Amino acid sequence: MSRLRACIIGTGSYLPARVLSNAELAARLDTSDEWIIERTGIRQRHIAADGEFTSDLGTAAALNALDSAGLAPADIDLIIVATATPDQTFPAVATVIQHKLGMTHGVAFDVGAVCSGFLYALSVADALLTSGAYRTALVIGAETFSRLLDWEDRTTCVLFGDGAGAVVLRAQASPGLSSDTGILATRLHSDGRYNDLLHVDGGPGSTGTTGKLRMKGREVFRHAVTNLAAVMTETLGAADLAPADVRWVIPHQANLRILEGTAKKLGLPIDRVVVTVDRHANTSAASVPLALDTAVRDGRIAPGDILLLEAMGGGFTWGAAAVRW
Ligand code: COA
């Protein structure tokens, strides 16, 4: 039965110029390049410049994605930004980006699901586009996590970086078959019992300060592999697909060992997983669209490929999306 599908017609990304190496961190903390690489796979991360905000990163990624889609801001009627590091408590970063793009039309709002934010934003955009309410959306993941870090805490500060990624989605009439191009299925989950394992110890409504990121890494790790493998399997099932159909897993980039563990659970070789954690570290909501844009631009992703996007983050929140390119 014919229906609308949300199709990714452009991707873009932006990384701040400043690169912070493991060696620089080891010079000021009790850590080492060897420990960070062995336990996480991370070799470097990008850090936003003074005066460079989440909205600046998101705007640059959005312009890059619009350029790849051959569209202009005038063609967009919906902007959804996934972020946990807004420039200000309010307004939403999405409206700041809307303004920076020169738009006075359309609707723009943020979603907050931390590292799963891009999957949440993509799912919301998919629902709004396939209902016919909007036609062309910018979905952006943008973060300046460097500003949430306790730079004295070696168990967290080595793990994160700054960046932004974006996709342009367009509602397109499709036959309504699993062979359709576009987003085939999305699945989201959350479980607030685990708030304490990964959170920020401040906020406008409690301490009146921004606070710093706190994480019990070992416990988060354990939940991540289990939850991600489950939601990936569930999402593939919803799209009538099996793990063997997946050409590329586009995962949230928290730790190379998590990527290896989840791929193994699904019986997929690691060479089908797009890995950027070595260069970008964990950029929270930006990591999935950054990895997607990397693999699109280096030519790995071909028309017809099945992509499985997945992420897990604070809350806990987690989700996945099956997409035919
Ligand atoms: N450099 C050197 N040693 C470090 C270190 C660092 N940067 N960070 C922690 N250590 C030490 C710990 O203090 C601990 O020492 P101890 O045994 O003397 O207490 C030891 O290394 C092992 O710590 P542990 O936490 O068990 O390490 P791990 O193998 O679990 O790796 C993480 C830690 C954080 C890399 C890993 O747990 C992880 O990636 N967790 C999930 C993170 C994640 O996915 N977060 C985001 C989800 S969105």
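**Loops, salt bridges and pockets in a predicted model**

Pro91 sits in the loop between β4 (78-82) and α4 (93-100). The structure is a predicted model, and this loop is a handy place to start looking at its backbone. Phe90 and Pro91 are joined by a cis peptide bond, with omega at about 5°. A second cis peptide bond turns up between Gly315 and Phe316, where omega is about -10°. Here it's Phe316 that lies in a loop, the one between β12 and β13 (317-324). Both spots are worth a look on screen, since most peptide bonds are trans.

Phi angles add two further entries to the list. Val114 has a phi near 50°, a positive value in a residue other than glycine. The loop between β5 (107-111) and α5 (117-130) is where Val114 is found. Ala281 isn't a glycine either, yet its phi is positive, at about 60°. That residue belongs to the loop between α9 (277-280) and α10 (287-297). Most residues other than glycine have a negative phi. How do the two residues compare in accessibility, buried or partly exposed? Val114 is partly exposed, because its relative accessible area is 26%, above the 20% under which a residue counts as buried. Ala281 is buried, with a relative accessible area of 0%.

Stepping back to the chain as a whole, it holds ten helices and 13 strands. The radius of gyration is 18 Å, close to the 20 Å that the globule rule gives for 325 residues, so the chain is as compact as a globular protein of that length. Along the principal axes, the C-alpha atoms fill a box of roughly 60 × 45 × 40 Å. Buried residues make up 54% of the 325 in the chain.

Next come the charged side chains. Twelve salt bridges were found in a search of the whole structure. One of them pairs Arg18 with Glu24, at 3.0 Å from N to O. Both partners are partly exposed, Arg18 at 39% relative accessibility and Glu24 at 31%. Another salt bridge brings together the side chains of Arg39 and Glu38, this time at 3.9 Å from N to O. Arg39 counts as partly exposed at 31%, whereas Glu38, at 57%, counts as exposed. The cut-off for exposed is over 50% relative accessible area, so Glu38 falls on that side of it.

Asp201 and Arg214 form a salt bridge too, with their closest N and O atoms 2.9 Å apart. This pair links distant parts of the chain, 13 residues apart: Asp201 is in the loop between β9 (198-200) and β10 (213-215), while Arg214 is in strand β10 itself. Asp201 is partly exposed at 37%, and Arg214 is partly exposed at 27%. There's a third member here as well, as Asp150 joins Asp201 and Arg214 in a network of salt bridges.

That leaves the pockets. The largest has a volume of about 800 Å³. Its lining runs to 36 residues, with Ala84, Thr85, Pro86, Leu148 and Thr210 nearest the centre. Strand β9 gives the most to this lining, with three residues. By residue type, the lining splits into 16 nonpolar, 16 polar and four charged. Where does this largest pocket lie relative to domain 1 and domain 2? It lies between them, because domain 1 (3-174) and domain 2 (182-324) both give residues to its lining.

The second largest pocket has a volume of about 640 Å³. It is lined by 27 residues, and those nearest its centre are Met215, Gly217, Arg218, Phe221 and Asn255. Two or more lining residues each come from α2 (33-40), α6 (154-157), α7 (217-238), α8 (256-266) and β12 (306-313). Helix α7 provides the largest share, with six residues. In this lining, 15 residues are nonpolar, seven polar and five charged. The second largest pocket also lies between the domains, since both domain 1 (3-174) and domain 2 (182-324) give residues to its lining.

Definitions and conventions. Residues numbered from 1 in each chain as written. Predicted model: local features only at pLDDT ≥ 70, side-chain atom pairs only at ≥ 80, totals over all residues. Heavy atoms only, no water. Salt bridge = Lys/Arg side-chain N within 4 Å of Asp/Glu carboxyl O. Buried < 20%, exposed > 50% of the residue type's maximum accessible area, 1.4 Å probe, protein only. Helix = DSSP H or I, 4+ residues; strand = E, 2+ residues; numbered from the N terminus. 1 Å grid on protein atoms, 1.4 Å probe; cavity = no way out; pocket = protein on both sides within 12 Å on 5 of 7 lines; lining within 4 Å. Points joined across faces, edges and corners; volume = space filled by probe spheres on them. Nonpolar A, V, L, I, M, F, W, Y, C, P; charged D, E, K, R; others polar. Domains from an automatic or database assignment. Rg over C-alpha atoms; globule rule 2.2 N^0.38 Å.
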